[in-house]
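Q: Please take a close look at a single part of this protein. Begin with the whole chain, then zoom in.

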Amino acid sequence: MAIQKILIVDDSPTERYYLTDILVRNGFTVTTAENGEEALAKIRADRPQLILMDVVMPGANGFQITRSISRDPELSSVPIIICSSKNQETDRIWGMRQGAKDYFVKPVDGPALLARIATLDA
């Protein structure tokens with residue numbers, strides 16, 4: 001099933017706008033959440049087909065929320081791509097170990113993100 005509904009989880013209004021703009025212009029339906037707790041509620045309510053997850057947020061961080069989602073039998077089928085300012089290789093490895101399908105460093109390259117979404121669609 002083609003990915004259409006994407007949830008962006010980021011505490012930065014600028015990042016949410018930037019990613020939303022890229023995705024909407026390419027035909028995706030986007031919802032947003034400002035933190036992990038809000039994200040979990042929206043995932044259960046809206047059932048997105050992909051989640052773009054920030055790491056550094058108030059409350060639970062993106063690594064913790066990614067782990068919660070990937071270990072929840074009801075939600076584990078939803079792929080997660082981490083989009084973070086944390087640019088160390090150890091951060092990328094840790095994110096993947098928590099269940100993320102990919103890891104992009106901000107500012108996210110729009111064409112690269114769209115190409116990766118297309119591979120998840122296949």
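A: Two residues are in contact when heavy atoms of theirs lie within 4.5 Å. Take the contacts in the protein with a separation of 6 or more: 61% of them link residues 24 or more positions apart.

Some ground rules come next. This is a predicted model, where local features need pLDDT of at least 70 and side-chain atom pairs count only at pLDDT 80 or more, while totals for chains, interfaces and linings use all residues. Numbering starts from 1 along each chain as its sequence is written, and side-chain values use heavy atoms, with hydrogens and water left out.

Now the whole chain. The protein has 5 helices and 5 strands (DSSP runs: H or I over at least four residues for a helix, E over at least two for a strand, numbered from the N terminus). Read from the N terminus, the order is β-α-β-α-β-α-β-α-β-α. The C-alpha trace spans about 30 × 30 × 30 Å along its principal axes. For 122 residues, a compact globule would have a radius of gyration near 14 Å. The protein has 13 Å, which agrees. That radius is taken over C-alpha atoms, and the globule rule is 2.2 Å times the number of residues to the power 0.38.

How much of the protein counts as buried? The share is 43% of its 122 residues. Buried means under 20% relative accessible area, exposed means over 50%, and partly exposed is in between (1.4 Å probe, protein chains only).

Here is the close-up: Asp-10. Where is Asp-10 found? Asp-10 sits in the loop between β1 (5-9) and α1. Its relative accessibility is 2%, so Asp-10 counts as buried. Leave out residues up to four places away in sequence, and Asp-10 touches Glu-15, Arg-16, Ala-33, Glu-34, Asp-54, Met-57 and Lys-106. The side chains of Asp-10 and Lys-106 also make a polar contact at 2.7 Å. A polar contact is a pair of N or O atoms within 3.5 Å; within protein, one must be able to donate a hydrogen and the other to accept it, and residues adjacent in sequence count only if both atoms are side-chain atoms. Leu-52 gives another distance to look up: its C-alpha lies 8.3 Å from that of Asp-10, with their positions 42 residues apart in sequence.

Follow Lys-106 along the chain. A cis peptide bond joins Lys-106 to Pro-107, with omega about -5°. Most peptide bonds are trans, and most residues other than glycine have a negative phi. Pro-107 is in the loop between β5 (102-105) and α5 (110-121).

Arg-47 shows a backbone feature too. Its phi is near 50°, a positive value in a residue other than glycine. Arg-47 lies in the loop between α2 and β3. With a relative accessible area of 37%, Arg-47 is partly exposed.

Gln-49 is in the loop between α2 (36-46) and β3 (50-53). At 18% relative accessibility, Gln-49 counts as buried. Its side chain has two backbone partners to find. One is the backbone oxygen of Ala-2, reached at 3.4 Å. Another is the backbone nitrogen of Gln-4, which is 2.6 Å from a polar atom of the Gln-49 side chain.

Compare three helix residues with the loop at Asp-10. Tyr-17 is in helix α1 (residues 13-25). At 60% relative accessibility, Tyr-17 counts as exposed. Its C-alpha is 18 Å from that of Ala-112, 95 residues away along the chain.

Asp-91 belongs to helix α4. Buried or exposed? Asp-91 has 12% relative accessibility and counts as buried. Beyond four places in sequence, Asp-91 touches Phe-63, Lys-86 and Tyr-103.

Met-96 is also in helix α4 (residues 89-97). Met-96 has a relative accessible area of 29%, so Met-96 is partly exposed. Setting aside neighbours within four places, Met-96 is in contact with Lys-101, Asp-102 and Tyr-103. Ile-82 is 14 residues from Met-96 in sequence and 8.6 Å away in space, C-alpha to C-alpha.

Back to the close-up to finish. Asp-10 is buried at 2%, and its side chain pairs with that of Lys-106 at 2.7 Å. Lys-106 in turn leads into the cis bond to Pro-107.
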